[in-house]
Amino acid sequence: MTSPKLSATAAVLFAGLAAGGAWAQSASTAVQTVDAMNALWGRHPHTRANHAKGVVVEGRFTPEPAAAALSTASIFAGPPVPVTVRFSDSTGIPTLPDGSPPANPHGMSIKFHTADGNAVDMVINSLPFFPVATGEEFLALLQALAVSGPDAPKPTKAETFMAAHPSVAKAFGAIATPSSFARERYNGVNAFIFVNKDGARQPFRLRVVPVDGVEHLTPADAARMPPDFLVDELPQRLAKGPVVFRMTAQLANPGDQTKDSTQPWPEDRRVVDLGMITLSTAVADSDAAQRQLYYLPNRLQPGIEVSDDPLIDARVRAYVISFGRRAQ
Ligand code: HEM
């Protein structure tokens, strides 16, 4: 049965989206996207269409003064903010071995619980940039993958798609299995905009970096790991002490594009320390918690805005469809 909390959230979201402009057209892309994910990975009850397997932990975010200079968002104003963080494997397969290649990229979803009882969500993953630039291209990629099994005629639809979109192989070639969820760097990929008290607008991309450093396994070592080694290891690590990440933002230079997340900005762009994420506790019933949790890339607050990156809207619409299905 759907919990009243989930139903209420779904009702608000659907109402909000229905009020928006190109709902009918985009909804069909979003529905087709979630259909394609369900076709590729199966449809599992109460399970996300993507990033199905995960673990939920809690802690706090302590901002640096530099963040408040960039943005009026209350999460940067001063006192530490409680956070609920879900780490995840890719794909919609809830039993996927954590060390298998399709479990990459791994996800980190951060919910900041603001003092006014609302939330800000940041939903990021370990890809340095995204394989495609639009929701339509992502749908085409999923649909091509769905018909490119071992028996498909060569070149497969997926091979043809990838030949026309070199960023797909580049993006997936840049990821690896971490030794722990606590030893991975997670990237915002999409550009968002900080707005400060003078109204100055600064595009940025989020980077959340482990203080203990990034540590990846070789493919052979990853294949040898127990199937749940990542989701099991994090609570064990937290029982011994906190896990700390620096939350940073790469700032665009004037003129840098913000609408194509396949194109990272040059590495010489300034990176600002926004604060520290200190994770201290594993949630007792992580499975129940992750069913209730719902992250949305555009759940923001004044001082942080979406950019013109079309992927953000495509994501929101697909997340709503997936949420509606898993809430049933
Ligand atoms: C058009 C592009 C994308 C589509 C269609 C898409 C679709 C989805 C869907 C349907 C879900 C399940 C949502 C739910 O049931 O709550 C999901 C989860 C997730 N996605 Fe995406 N996604 C896209 C791009 C991205 C990007 C760019 C990132 C990060 C940089 C990302 C990171 C994640 C993470 C971390 C989760 C798990 C959320 C959670 O922990 O609840 N996705 N995605």
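**Leu238, the nonpolar core and the ligand shell**

With 18 C-beta neighbours inside 10 Å, Leu238 counts as partly exposed, because a buried residue needs 20 or more and an exposed one has 12 or fewer. The model is predicted. Leu238 sits in helix α8, which spans residues 229-240. Residues up to four places away in sequence set aside, Leu238 touches Val57, Val243, Leu279, Ser280, Thr281 and Ala282. Ala282 lies 44 residues from Leu238 along the chain. The C-alpha atoms of Leu238 and Ala282 are nevertheless separated by 6.8 Å.

The overall fold was examined next. The protein chain holds ten helices and ten strands. Its C-alpha atoms fill a box of roughly 60 × 50 × 50 Å along the principal axes. A compact globule of 328 residues would have a radius of gyration near 20 Å; the value for the protein chain is 19 Å, so the two agree. Buried residues account for 40% of the 328 residues. Contacts between residues at least 6 apart in sequence were also considered. Of these contacts, 76% join residues at least 24 apart.

The interior follows. In soluble globular proteins, nonpolar side chains tend to be buried together. Here, the largest nonpolar core has 72 residues. Within this core, Phe112, Ile124 and Val208 touch the most other members. Helix α10 supplies the largest share of the core, nine residues. Val208 has contacts beyond its neighbours within four places in sequence. These partners are Met108, Ile124, Arg185, Tyr186, Phe245, Met247 and Ile277. Ile124, one of these partners of Val208, is itself among the three core residues that touch the most other members.

The ligand site completes the description. The ligand is surrounded by 30 residues. Arg48, His51, Gly107, Ser109 and Ser322 are the closest. Six elements are listed as giving two or more residues to this shell: α2 (23-41), β2 (81-88), β3 (107-113), β4 (119-125), α4 (135-146) and α10 (310-326). Helix α10 gives the largest share, eight residues. Helix α10 thus makes the largest contribution to the shell and also to the largest nonpolar core. By residue class, the shell comprises 15 nonpolar, eleven polar and four charged residues.

Terms used: Residues numbered from 1 in each chain as written. Predicted model: local features only at pLDDT ≥ 70, side-chain atom pairs only at ≥ 80, totals over all residues. Near = placed C-beta within 6 Å. Helix = DSSP H or I, 4+ residues; strand = E, 2+ residues; numbered from the N terminus. Nonpolar A, V, L, I, M, F, W, Y, C, P; charged D, E, K, R; others polar. Rg over C-alpha atoms; globule rule 2.2 N^0.38 Å. Contact = placed C-beta atoms within 7 Å. Core = buried A, V, L, I, M, F, W, Y, C linked by C-beta atoms within 7 Å.
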